[in-house]
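Please look through the sequence and the structure before reading on, and keep both in view. The notes are grouped by topic, so that each can be checked against the picture.

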Amino acid sequence: SLASNRSTRELAIAELFSGFMETVVKPDELLTEIRIPAASLAARAVYLKHCIRSIDPSLVGVAVRLTLADDNVTCVDVRIGVGGVSPTPYRAVSIEKILRGEQLSRDSISAAAAAAAAECDPITDAHGSARYRRKMLEVFVRRALTAARNGDGGAAPI
């Protein structure tokens, strides 16, 4: 929710970002609330970020929330958020669709990571080239999905 002296308004997170380091928040508005739907207790979440220094914006950031079936391998639900590779953060919805209902093997995870890299349109700036960001997105999607599947939190060095 956004609020000002004039009014309040609600918008979806996908509507918040308007461009590189820009939002639709007006100068007289404050972000007053963020609502995050409750996840299943069985859901596992991982966030991995790659940056030069910890205070720098991420060159690549990948967030994964994964729910597995009782077999502990089949993807029931997955959400993948990506940042740092495009002017605005986004959800990798097409990759989520590929994974739902599939067994998360090394091959299926690698294929999903390659697809995420192939479909992104990364930026080039002083911190990294588009080619580098695309490759790092593939690496980080693979690592985040693997960590979420394994339930180990994803603390893997680059």
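What follows is a briefing on strands, charged pairs, cysteines, a helix and the surface.

The model is predicted. Strand E7 and strand E8 pair in the antiparallel sense over 8 bridges, and the count of salt bridges comes to 10, while the count of disulfides comes to 0.

**Strands and their turns**

- Strand E7 covers residues 60–68 and strand E8 covers residues 75–83, and the two run antiparallel with 8 bridges between them; within this pairing, Thr 67 stands opposite Asp 77 in E8.
- E7 and E8 form a hairpin with 6 residues between them, and Asn 72, which lies in the loop between these two strands, has a positive phi of about 65 degrees although it is not a glycine.
- As background to that angle, most residues other than glycine have a negative phi.
- Asn 72 counts as partly exposed, because its relative accessibility is 43%, and the partly exposed class runs between 20% and 50%.
- Strand E8 is also joined by 2 bridges to strand E9, residues 90–91, in an antiparallel arrangement, where Gly 81 stands opposite Arg 91 in E9.
- The hairpin of E8 and E9 has 6 residues between the strands, and in this hairpin Gly 84 takes a positive phi near 90 degrees.

**Charged side chains**

- Side chains of opposite charge can pair when their charged atoms come close.
- The side chains of Arg 35 and Glu 10 meet in a salt bridge, with 2.8 Å from N to O; this pair links distant parts of the chain, since Arg 35 is in the loop between E5 and E6 whereas Glu 10 is in the loop between strand E2 (8–9) and helix H1 (13–16), 25 residues apart.
- Both partners of that bridge count as exposed, Arg 35 at 53% relative accessibility and Glu 10 with a relative accessible area of 57%.
- Asp 77 forms a salt bridge with Arg 100, and the closest N and O atoms of the two are 3.0 Å apart; here too the pair links distant parts of the chain, with Asp 77 in strand E8 and Arg 100 in the loop between helix H2 (93–99) and helix H3 (106–119), 23 residues apart.
- Arg 100 counts as partly exposed, because its relative accessibility is 29%.
- Lys 135 and Glu 138 meet through their side chains in a salt bridge of 3.8 Å, N to O, and both residues lie in helix H4, 3 residues apart, which is about one turn of the helix.
- An α-helix has 3.6 residues a turn, so residues three or four places apart point the same way.
- Lys 135 is partly exposed, with a relative accessible area of 44%.
- Salt bridges that share partners join Arg 65, Asp 77, Arg 91, Glu 96 and Arg 100 into one network.

**Cysteines**

- Why is Cys 120 not bonded to Cys 51? The sulfur of Cys 120 is 18 Å from that of Cys 51, its closest cysteine sulfur, and this is too far for a bond, because a disulfide needs the two sulfur atoms within 2.5 Å.
- Are these two cysteines buried or exposed? Cys 51 is buried, with a relative accessible area of 19%, and Cys 120 also counts as buried, at 6% relative accessibility.

**Helix H4**

- Helix H4 has 21 residues and reaches 30 Å from its first C-alpha to its last, close to the 30 Å expected at 1.5 Å a residue.
- Just after H4, Gly 151 takes a positive phi of about 70 degrees.

**Surface and loops**

- Leu 31, Ile 34 and Ile 36 make a nonpolar surface patch of about 350 Å².
- Ile 36 lies in the loop between strand E5 (30–31) and strand E6 (44–50), and Ile 36 counts as exposed because its relative accessibility is 71%.
- Pro 57 is found in the loop between E6 and E7, and it is exposed, with a relative accessible area of 52%.
- The C-alpha atoms of Pro 57 and Gly 83 are separated by 9.5 Å, although these residues are 26 residues apart along the chain.

Conventions. Residues are numbered from 1 along each chain as its sequence is written. This is a predicted model: local features need pLDDT of at least 70, side-chain atom pairs count only at pLDDT 80 or more; totals for chains, interfaces and linings use all residues. Side-chain values use heavy atoms; hydrogens and water are left out. Patches are made of residues with over 30% relative accessible area and no salt bridge: like charges are joined within 9 Å, nonpolar side chains (Val, Leu, Ile, Met, Phe, Trp, Tyr) within 5 Å. Accessible areas come from the Shrake-Rupley method with a 1.4 Å probe; for residues, only the protein chains shown count as cover. A salt bridge is a side-chain nitrogen of Lys or Arg within 4 Å of a carboxyl oxygen of Asp or Glu. Helices (H or I, at least four residues) and strands (E, at least two) are DSSP runs, numbered from the N terminus. Buried means under 20% relative accessible area, exposed over 50%, partly exposed in between (1.4 Å probe, protein chains only). Two strands pair if DSSP finds at least two bridges between them. The expected span of a helix is 1.5 Å times one less than its number of residues.
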